[in-house]
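Dear colleague,

Please find the structure and its sequence below. My notes on what was found in it follow, grouped by topic.

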Amino acid sequence: MKKNEFFNQLMYRFMRIGLLPLVLISCMTAVVSASPTSGQEVLDRKINLIAEQREVRSILSEISRLAAIKFVYSSQRIPAHQKVSVQARDKRLSEVLDVLLQPLDIFYRVSGNQIVLMKKGDVAGDLIFNKGGDSGTPAEPPSMATEITGKVTNENGEPLAGVSVLIRGTAKGTATNASGNFTIAANPGETLEFSIVGYKLVSVKVGSTTSLNIQLQSDASKLNEIVVIGYGTQKRSTLTGAVASVSSKTLNELPVASIDQALQGRVSGLNVTNNGSPGTSPIVAIRGISSINYATDPLYVIDGFPTGNLANFDSKDVESVEVLKDASAAAIYGSRATNGVIIVTTKKGRRDGRVQVNYDSYVGMQSPSKKIDLLNTNQYVQYERALDGAAGIGVPPRMQPVNFNQPIYAGAKQTFAQTNTDWQDAYFRKNALITQQNISISGGNSVSRFYTSAGYFKQDGIAQGLSYERGNFRINSDHKFSRVFTFGENLFLSVGNQHYEGTGGNRSPLTNVVRMQPYLPVYDPTNKLGGFMGPHNSFDGADPTNPVEPAVLNQYTIKTLKVLGTTYLDINLTNWLKFRSTFGVDYINGYNQKYVPIYNDGGTIANSSAGINNERQLFTTLLFTQQLTFDKSFGQHHINATAVFERQGQNYTDETASGNQSTNDTKTLYGATNIAANSTFQQNLIISYVGRVTYDYAGKYLMSASIRRDGLSVWAPGHKFENFPSASVGWKIDQESFMHSARAISELKLRAGYGLTGLNAAVGGVGANGTALGDYPWDVGVQVNQALYPFGGGLGNGPASYYNQIPNPLLHWETTKQFNVGADLGLYDNKLTLTAEYFRRKTDNLILDVPTPSSFGLGGAGVNGNVASMENNGFELQAGYHQREGAFKWDIAGLVSVIRNKVLSLNIANASIAAGGDGDFGGGAPLTNTVAGRPVQSFYGWKTDGIFQSAADVAKGPVQLAGTDPAKSTAAGDIRFKDQNGDGKITDSDRTFLGSYLPKFTYSLNYSATYKNFDLAIFFQGVQGNKVFNAERVIVEGMSRLFNSGTAVLNAWTPSNTRTDIPRAISGDPNQNVRPSDRWVEDGSYLRVKNLMIGYTIPASGLQSLTKGAVTRFRVYISSQNLLTFTKYKGWDPEVGTRRTSLTNGIDYGQYPSARSYQVGVQVGF
Amino acid sequence: MLFDKKYLGLIGTGMAITILTVISCEKDLNKTDPNAPEVPAYFTNSAAILAATNSVYSAMHSQPLVAREWFFIHDMRSDQVASGGGQLGADRAQILNGASDPSNDIITPQWAALYTMIHRANTVLDFSPNGKDNAALTARNVGEAKFLRAWAYNELVSMWGPVPIYTTTVKTQNDFQPRAKEADVYKQIVQDLQDAAAALPEKSAYGGSDLGRATRSAANALLGRVYMQTGDYASAKAAFLKIPTSGADGYSLTNRYLDNFEEETEFNNESIFEVVFVDKGDNNFNWGGDNVGDGPSADQSTVRNQEYCPVAWRNLIPSNVFLNEFENTATGAPKTDPRFSFTFYQTGDVYNQGKSTLTDGDQNGNSSVVNGVTKKVSWRKWMLMYKEKSSFHPGGNNQRLIRYAEILLDLAECEAELGSPAAVVTGYLNQVRARPDVAMPPYPTTQFPCVTKNDLIKAIMHERSVELGIEEVRNIDIIRWRKKGYFTTDPLSYFRANRDELLPIPQMEIDNNPKLDAGGISKQNPGY
C-alpha cells in the first residue's frame, strides 16, 4: 500500500535522526478560545501523530493535547490499555479517530470541546464516563436512575449540538447530538447542568418529568471574559485587583484621535480632560493626583511594551484596553505604576481559515459650540469713554472722528467707524473637517494568523492654523512552527503632522480675540507684508495682536514618525510551563519646526527677518523581556506563577538649529544668518525582576501576590533598586454552597489588596523610562565651556566651566502605598451588575525642589529631595443593566467616581508652593497655592465683599491697598475685598483658599440599544463640584486698561447703576479690582451629551443577495459629539486643562475649547 | 515526558545565558551624563582649573553684578545720583529712596551672584591640587580665584556687614554657614588678598589675550582699600606703595582724563583692574534669567550705556549735590574744574563725534539745578554717545574698577590719617589735579586751605568726589567717613542710624539658611 510505504519511510527517517521509537510531531490547532466551537470545527482540526504500539489511553491523551480537546469515556467500556499504532500526518481529527476507533468498535460524539467515546450498542444515557478522560481511572458504578430526554436550543430556538449535560456533583454526563437532543439517566433530586462555551450555564433539578426543553442564553457577561493583566491574562471571575476593561467597540464610538480621549467617561476612577487643539494629548489621571511636581500620565503598555503615551496610535487597531487601577493590579509594573497602568492589546487574526476585510470610515464637521458676548464697535466707543474718561485719558487718536471716519485702508469704501469685526468668527472656524479611514485585513489558520491595517486620520481645528493628520500602518502576525515554538510580531508605524498653536505663555490667541478692537478689519489687502491689519499702540490706545495673523502666517509644526514593534518567541515547554522571550523597539523621531516669516501689520507685529527654529528629538527605546509562566491545577487548587526579567533602555538625542532669513523665499537654514546649533544625548536604563503567584481554591478563594524589583540608572549607585510588592485576596461568595439557595445572586465577590508602587515622572509622556528630573539627577555635571569671559576683548579667550548643583544621592522614586477593597455583584444572571471600590492611597516621599540658601553660590538652585506627602482616598461605583433578550435589546451602564486629595506635608511646616501668577490675569499674584492640609494646587486669592457704594463706605472699610492713600486708590464702585485677619488693611495675608479644580465626583451614563437592524447609543459624561479659575474673565470683564471686552462691562457700576456686581470702569484699575479673587472662581460642573449615535445595519440576507456574497456586513451611522453641554460656566468650555505649566490645572487662560461635531460613517465587512 | 526532557537542556542553557546576561546587566545601570562630565572627573588638570577660574570672572561681569546691578546699587547708595524720572523701576527707586526691603529683587540677585563667584572661586581652590601638570598656571589661577573671592566678600561685607563665610565648596545640602563677624570677614579678605598678591604676576606677564586678569598690583590695591575700610591706614599705605609706578609694570595717570572711560583706551597705563565687556554687534544684552546668565554664546555687553545714557533710558541722573561739588569760577574757584564737563553732558554739548548737539528734548525726564540754574544734565562717563547717536545700545565699554588716580587719592588719605605733613598729602592730591587736561591749581587753594588735618580731609573728600565720581567708590567712602564722623549731616537724605548703614539680608537667605544666626548674629540687619 502506497500509504503504508509513505509512513514507513517517514518512520525510517525519524529513526535515522535518532529519535525514539515513539515520536510525536504535531502542529497544534486552535487554542482554547472564548468563541463557541462547533462539532465540525473540532473534527476538522488537523493533527500530526505517529505512534507505534502504544496504549489507546496514551494515544487519546496525546490527541487531546494536539487538538485541544478532551475525551470523555469510561475505561471499563473502552479497551484503554490495548496497544495500537497510528500514523497521521496533517490529517483531520475525524479521519484519525475513524482509523483509530473503528477497529475497536468505538464510536464518538462531539460535544463542544469534548469528544465522548462510546462502545457500540451503549445507550448515550447509560454512559458512565470519566471526566478527566486520559487517566483511565475507574468511574463510579451505574446507579438506578430515571431516563430523561430533552432538547437544548439557543435563544432563537435553534438546536444546540454538543452541549454538555452533567449531573452536578458527579462525573456522570452526556452531550447533545446534532439535533440538540440528549438522553441521560438521573435520579430525582439530582441537578442537571447544561453548559457549552459561549452560553450561560443552566441548572435544572430532576423532578418527576422525564422530558426537558432547555433554552440557553448566550453569555455576554463580562464575568467570564479573559482580562489582560500585566505579563499575562486572567479570568475576570478570578481577579482580585481593580481592573477595568474597555472593548474595541466602545473605544471606537467616538471620533477622536487617540485612545486616551476615547476613554473619557468609560472607566470609573479614570479622569480624562481634553487639553488643546487636535493632536494634543489630553490629561489622564487615574485615581487622582499622586504627585506635586510631576504629571499624572499613567503608564501605557502596548502589546507588552511599556511606553509613555498613546500619541499617533490608531484606536481602530485595538482589541481591548485594560486599566489597572489599584496597587495590587498595577504593582506588577513597579516603579512606573503609581499613576495606574493602561494596557492596550491590539487585534489578531482569527483562525477560521477565512480572510476578513473590514472598512471603517467616517467624515464629519466640527464647529465651536459657544460664543461669548463681546462689544461691537458702537459699544466699544461707549465703553472707551467710560473707562478712559474716568481716568482722565483722552479719546485715542484713532477714535477721534477725523480718523475714525477714514477708510480702513487706501481704496476701501468702509470706514473704521463702519467696521464691526466679530473676532470670534474670524478666529474660529466652522465646519472644520474630521475624518478617519481604516481598512483592515485579517485571517488565519491553525498555523499562522495575521491582522494588518492601514489608517488615516485628519482633524482640522475649530480655530485658525490648527490641525492634526496621521497615517498609520500595522501588521500583527504569529506563526506556530512546531508544537513547542510560536513566533509572533506586532509592528506599528505612523507618521503624524500637527500644526499647533505656537504662542507661548498664558496669553492665548483667545485672549487676543477678546482684546482686538471691533473697528479694525482682519485683513488689509494693501499690506504687502502679510496682508493683515493690526492695532497701533499709541494711536489705538491699546495693543492687542491680531489673533488671526500669527495663526495663519506662523507655521508651528511637529512631524512625528513612530515605529513600535515587538517580536516574541513562545516556547511551550509543557502544558503547564511556558516561556516567552520578547524583543521590542519604540522609535520616535519628532521634528518640531517653528517658522515665522517676515510680516508687518504696521502695528503690534513687525517681524523684520524670518525666524527658523528646528528641533529634532530622537527617542529609541529597546525592550527585552524574558518570561516564564507556570499554570497548573491540582484538583481544586489552581496555581499560576510568573517570573519575568525585563530590561528597557532609552536613548534620547536632541538637536536644535536656528537662524534667520532675510526673505520669505527660503524657509530652511540654507544660507541663513545667525545660525546656532546644539545637541545633547541622554540615556537611561531600567532593569526589572518580576514575580507573581496567583492561587485559587475551587474558584472560591482567590489570592495573588507579586513583587517587582526595579533598578533604574538615574539614581545614584547604591540606590538604584527598589522593591514594589503587592498582595490581594478575593472571595467568590456565590460559589459557596450556602449561596445556592440565593437564586437571584449570580455573582458576588469581595476583593481586597494592598501594594506599593512608584512614580518616576515620565517626561511629557515621551518615554516611559525618562524622568522629569533628567536622566542624571544625582550626578552633578560640570557645565563645560558653558560660559565665557572675553579677556582682552576676544570672545574666544576665556572659555569657562562651572557647576551649580549639589547632588542628592539619596533621591529615589516617589512611592505610593495603596489599599483597595472592592465588591462585584451580579443579579438575575448578571442582568444587573454592580462593582464598587474603595481605596486609600498615600505617597510619603514626593519629590520637591528644596531651595538652598543663595549663599551656597548655586544661584538659588534647589536640591531635589523626597520630602512631601499626599493622600488620595476615593470611592467608585459602576452599575449596569443588560436586557439581552427579545428583539429590543438594551444596555445601560453608569459610573461614579469620588476622589478626595489632600497634601499631608511639604518640606517644612508652613511651606507653600504658589503658582499660576500672571500679570495679565489678575496682576501677577499666584492663582493656586499648595499647602499641607489642602488639596494640591487649591485656588488662592482674596474674597470679595460686594462693591463700595459711596465714599463714606470706602472710608469705613478696610484699606484696600495697604500702604496707599485710600482716597486716591479706592472709590465708590470698587470691589470691597474682605479683611480676613481684621487688621484694617488688605494685604497678602488676607488671601485665602477659594476651592479646588478637583471635582467632588465625576460620572457618566451610557445607554445603548438595538432593535432589529437599528442601533442607538447615547453617552452622557459629567463632572460635578469642581471649580474653574476663569482667568480669561479677567480679560473679558476686568477693565484694567483699554482693550475690547465682554458686554458685561456695559453693566459696570456707576452712581446710577449701583445694582450690579461689575465694579466701576476706570483705566489703570487703581483699586486692583482684578486681583485674584473669588470673583473669577466659578463652578465648573458640567453634564455633556458626549456622544449620540444612530446606526442601521443592512440585514445579512438582503446584503448577501444584493452583493452576491461579496459584502458580509454593512452598517451606516450618524453621530454627534458634545451635542449639548449643561453648565453654569461662563467661559467657552468648562472642560479646562492646563497651559502645561506646573500646578495650574483648571485655570482657564482661554484654552482651545471642545468642538461640537457631526459625523456620518460606514462600516463594511467583506 | 521524554519530549520535554529533550528540550530541557536547551532551556537550561538558555536560562543560564539569561542569568549571566542579567548579572552583567546591572552594571549597565551605572550611567553618567555624557553631556556634562562629573565634577571630580573633570577638574583633574590645569586646563580645567583655568576654565573654572574663567567662570569666576564670567560671573563677575554678569547682569546682577558689574554689567548692571552692581553699579546701580553702588551709585544709588551714594549721594551722587538722582532719579531720571518715573521710568526708574520701583525696586531701584526703593534703594535710591532708602526703602529697601528684604525681598527687593535688585538686592537679592546681587547677593546670590556674589556667592556664585565665591562658589566658583572655591571650586578652583578645592581642585587646585589637581593642577600639577602646569603648576605655574594653577598657582596663578589660585591667586586669581583668591583675588576674586576677596572682591566678592568685600562687596558683601560693605553692603551687608556680617555675612556667612564659605571657604570651600558646599558638599551637602546641610552645609549651612552662619553670619560671621565683620572683623572675621575682613580677616578672610585680607588673607586672600595677601595670598593673591604673593601668587599673582604683574601685568607684563600677561599677553593680549589675558588682559583683564588680576595682577599683583590689583591685589595690593584692593588690599589697601580693604585696610582703609578697617581703619588700618599704615597697612593700607604699605600695600599701595607696593604698586610700581614705572617700568613695564608701572602705573601712571593718563594725560587725558576721559581715556579712563572710553572704549578705545581700555587697558591703559592708569588702569589697575577692569572688567571686560565685548559688543558682539547684535545690540543685545544678556538680561540673564538664571542667576548670572551663563551660556556659551551669551552676550558679553554691559548695559550701563543704555541705563544712564542721556539719549537712552537716562534712569539715573547726577544729583544736585554732586553737580555743585565741582569747583566753579561762578562759586569763587580760581578755575572751573574741567572734570565737570568730562563727567556730565548738558544741553548744548556736542556728541556723536561732534556731529550732534544735545537738546533738552533729547533728554527724557528730570532736570537738575546747577549753581542755581535749572537745566538738563546727564552722565557722560562710560557713555558711548561721544562717538555715536543711538537710543538703544548696551555697549562693550570695559568697567575700570581700580585706576591709579584712586591709589594716589588713597595714599593721600592714608598719609592724612597717619598724621603726615600736609605737603605729603597735598603732594598726592596735586598729582591728580595736575593731569594735563585737568590742570587744576594745586592745593592749598582759597576754598581748600589744607592746613589742619580737618582741612586735608575736606580736600581729600572733595578731590575723591570729583575725580572718582560715579565710579562706584563714593558709597564705600561714605561708609568709612561716616564712622569717623566726618559728616555733619549724612550725605544720604533718608539716612536712619542703625538701619541704613547696611542693606537688608535677602529674605531668600533667611528662609533657607536655618543656621544663619547660629553665630550669635541675628538673621536680619537692624531696622529691617
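Helices, as named in these notes, are DSSP runs of H or I with at least four residues, and they are numbered from the N terminus. Please also keep in mind that this is a predicted model.

With that numbering, helix 17 of chain B is a suitable place to begin. Just after this helix, B:Gly485 takes a positive phi of about 75 degrees. The helix itself spans residues 474-483, and 9 of its 10 residues are buried, so the rest of the structure largely encloses it. Among the buried residues are B:Arg474, B:Asp477, B:Arg480, B:Trp481 and B:Arg482; B:Asn475, B:Ile476, B:Ile478 and B:Ile479 are buried as well. The packing partners of these buried residues belong to chain B and include helix 4 (69-76), helix 7 (135-160) and helix 9 (216-230). Helix 10 (233-241), helix 14 (404-417) and helix 16 (453-467) of chain B are further partners.

The next topic is the aromatic residues. A pair of aromatic rings is described by the distance of the centres and the angle of the planes. Over all chains, the count comes to 58 aromatic pairs. In one of them, A:Phe416 and A:Tyr519, the ring centres are 6.4 Å apart and the planes stand at 85 degrees; an angle over 60 counts as edge-to-face, so this pair is given that label. A:Phe416 lies in the loop between helix 9 (401-404) and helix 10 (423-427) of chain A, and A:Tyr519 in the loop between helix 11 (509-515) and helix 12 (537-540) of chain A, so the pair ties together parts that are 103 residues apart in sequence. A:Phe416 is buried, at a relative accessible area of 5%, and A:Tyr519 is buried at 0%.

A second pair involves A:Tyr789 and B:Tyr57, whose ring centres are 5.2 Å apart with planes at 35 degrees, so the pair is tilted. Because A:Tyr789 lies in the loop between strand 37 (783-788) and strand 38 (799-802) of chain A, while B:Tyr57 is in helix 3 (residues 46-60) of chain B, this pair joins two chains. A:Tyr789 has a relative accessible area of 0% and is buried; B:Tyr57 is likewise buried, with 0% relative accessibility.

One aromatic cluster contains A:Phe856 together with B:Trp111, B:Tyr115, B:Tyr153, B:Trp160, B:Tyr166 and B:Phe176. Charged side chains also lie over aromatic faces. A:Arg1088 lies over the face of A:Tyr1086, 5.0 Å from the ring centre, and B:Lys203 lies over the face of B:Tyr251, at 3.9 Å from the ring centre.

Turning to the sheets, strands of a sheet pair through backbone hydrogen bonds, either parallel or antiparallel. In chain A, 3 strands form an open sheet in the order 9-6-12, with mixed pairing. Its edge strands are strand 9 (181-186) and strand 12 (211-215) of chain A, each of which pairs on one side only. Neighbouring strands in this sheet are turned by 30 degrees against each other on average, direction ignored. Strand 6 (residues 146-153) and strand 9 of chain A pair in the antiparallel sense over 6 bridges, and A:Lys151 has A:Asn181 in strand 9 as its bridge partner.

Another open sheet of chain A consists of 4 strands in the order 8-7-10-11, and its pairing is antiparallel. The edges are strand 8 (173-175) and strand 11 (202-205) of chain A, each paired on one side only. From one strand to the next, the twist averages 20 degrees. Strand 7 (residues 164-167) and strand 8 of chain A run antiparallel and are joined by 3 bridges; A:Leu166 stands opposite A:Gly173 in strand 8.

Finally, two individual residues. A:Asn614 is found in strand 31 (residues 610-634) of chain A. With 12% relative accessibility, A:Asn614 counts as buried, because the cut-off is under 20%. The side chain of A:Asn614 makes a polar contact of 3.3 Å with the side chain of A:Tyr591. Leaving out residues up to four places away in sequence, A:Asn614 touches residues including A:Asn592, A:Gln593, A:Glu655 and A:Leu669.

B:Ala82 is found in strand 1 (residues 81-83) of chain B and is partly exposed, with a relative accessible area of 24%. Beyond its neighbours within four places in sequence, B:Ala82 is in contact with residues including B:Leu96, B:Asn315 and B:Pro318.

With kind regards

Terms used: Residues are numbered from 1 along each chain as its sequence is written. Chains are lettered from A and ligands numbered from 1 in the order in which they are written. This is a predicted model: local features need pLDDT of at least 70, side-chain atom pairs count only at pLDDT 80 or more; totals for chains, interfaces and linings use all residues. Side-chain values use heavy atoms; hydrogens and water are left out. Buried means under 20% relative accessible area, exposed over 50%, partly exposed in between (1.4 Å probe, protein chains only). A polar contact is a pair of N or O atoms within 3.5 Å; within protein, one must be able to donate a hydrogen and the other to accept it, and residues adjacent in sequence count only if both atoms are side-chain atoms. Contact means heavy atoms within 4.5 Å. Rings of Phe, Tyr and Trp (its six-membered ring) pair if their centres lie within 6.5 Å; planes under 30 degrees apart count as stacked, over 60 as edge-to-face and the rest as tilted. A charge sits over a ring if NZ of Lys or CZ of Arg is within 6 Å of the ring centre and within 35 degrees of the ring normal. Two strands pair if DSSP finds at least two bridges between them. Axes are lines fitted to C-alpha atoms, for helices over the stretch in contact, and angles run from 0 to 180 degrees between N-to-C directions.
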